[in-house]
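Work through the following exercises with the sequence and the model at hand. Each task is followed by a solution that proceeds step by step.

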Amino acid sequence: GKDGYRYYMEKELHEHPQVIGQTLQRMVDPSTRRIVLPDLPFDLARVPRAIITACGSAFYAGMVGRYWLEDIARLPVDIDVASEMRYRNPPLVPGSLGLLISQSGETADTLAALRGLRERAVHILSVLNVEHSTMARESDLVLGTVAGPEISVASTKAFTAQLTVLACLTIATARARGTLKASDEEELVAALLDLPSRVADVFGQGDAIRQMARVVAEARDVLYLGRGSMVPVAMEGALKLKEISYIHAEAYAAGEMKHGPISLIDGNVPIVAAVPSGPLFDKTSSNLQEAKARGGRLLVFTDTEGAGRMSAMAERVVVLPRVHGFVAPILHAIPMQMLAYEVAVLKGTDVDQPRNLAKSVTVE
Ligand code: F6R
């Protein structure tokens, strides 16, 4: 049942801390605090590159995974949505790592992409929530997201669990490839282990998120912005808003705005931005300043360190706990999903069963 929550989506949003904790328990050795993967049928240290493919939210999780694998494990990564990867015919190096991500393990496009990669001698590692699914049977290795059943059509906890697994996989890959010092590994694992309690703090921002939702609910179009690993987080926010509130939303890399979408901006287009403190903070702030100068209404998610600067320019600010930059995309994804949920509630849509959508898409 819904355990007293109004919708499954609300219940599943509240399961985030527990789900991230359970997923980490599977992958972190409690005594050594090191990442342990199950025995791999191939050698991670010798994989020449990774090909990531998935659909929808799982694809956005894969985009964050690309940032991590490139940056921390120094592994070259190609990524595309599964419905395109199948037909792209990219040159593939045998022995590459095919990384497939799916909540259901039954998505037709992702399954077809898996089979295509397999035929070309790519090792198949799938990140799956349903561990007895078709994709699980056809993979060389499955890393499970321990999210439990996700009933709401819009994905929430499965997405953050996917990110958690990809973060652990990145650390293990980096160690195997010799690109991560032991002390840095400790720091990244500590940041992950700290996440469940930091995520629980996000729910304390419910009122601020509901105030933001009032602005978004009045809009016809909404622009979502971020930089670096916050680009896929912005995409996840925009997708969720479209899915359940039927408001048109588009996500852009903040720096790309001036190459076109800035012409859309006026007082009727709210701009939702994910701007944690860190090396990209100043650049993103100046992009937001440009939007504000054109009448844009800024709705910003930042952290305690960025709060002062953002409060001075934004109409609404949601202040999240400050976390290590590595895990910031996991933390920031949650209020993005909460915002979409609150907007849908204000609009009175059927949150758990949005029109035209099915939980698992088994046609190509
Ligand atoms: C978004 C959503 C969809 C799924 C996509 C992939 O809220 O639910 O975009 O993420 O259909 O589904 P799975 O992960 O089952 O392959």
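**Exercise 1.** Is D3 buried or exposed?

*Solution.* The model is a predicted one, in which local features need pLDDT of at least 70 and side-chain atom pairs count only at pLDDT 80 or more, whereas totals for chains, interfaces and linings use all residues. Residues are numbered from 1 along each chain as its sequence is written, and side-chain values use heavy atoms, with hydrogens and water left out. Begin with the scale: buried means under 20% relative accessible area, exposed over 50%, and partly exposed in between, with a 1.4 Å probe and protein chains only. With a relative accessible area of 62%, D3 is exposed. As for its place in the chain, D3 lies in the segment before helix 1 (8–14), where helices are DSSP runs of H or I with at least four residues, strands are runs of E with at least two, and both are numbered from the N terminus. Finally, the phi of D3 is near 50°, a positive value in a residue other than glycine.

**Exercise 2.** Locate R74 and describe its backbone and its exposure.

*Solution.* R74 belongs to the loop between helix 3 and strand 2 (77–81). Its phi is near 55°, which is positive although the residue is not glycine. The relative accessible area of R74 is 54%, and R74 is therefore exposed.

**Exercise 3.** Describe the surroundings of the ligand, then its polar contacts.

*Solution.* First, 14 residues surround the ligand, the closest being S102, Q103, S104, T107 and E243; a residue is counted here if one of its heavy atoms lies within 4 Å of the ligand. Helix 3 (56–71) and helix 10 (230–245) each supply at least two residues of this shell. Next come the polar contacts, meaning pairs of N or O atoms within 3.5 Å. A polar backbone atom of Q103 is 2.6 Å from an oxygen atom of the ligand, a polar side-chain atom of T107 lies 2.5 Å from a ligand oxygen, and for a polar side-chain atom of E243 the distance to a ligand oxygen is 2.6 Å. Of the 410 Å² of accessible area that the ligand has on its own, the protein covers 90%, with areas taken from the Shrake-Rupley method and a 1.4 Å probe.

**Exercise 4.** Which residues is S57 in contact with, leaving aside its neighbours within four places in sequence?

*Solution.* S57 is found in helix 3 and, at 9% relative accessibility, counts as buried. Its contacts (heavy atoms within 4.5 Å) are S155, F159, Q162, E236, L239 and K240, once neighbours within four places in sequence are set aside.

Methods. Polar contact = N/O pair within 3.5 Å; in protein donor to acceptor, adjacent residues only side chain to side chain.
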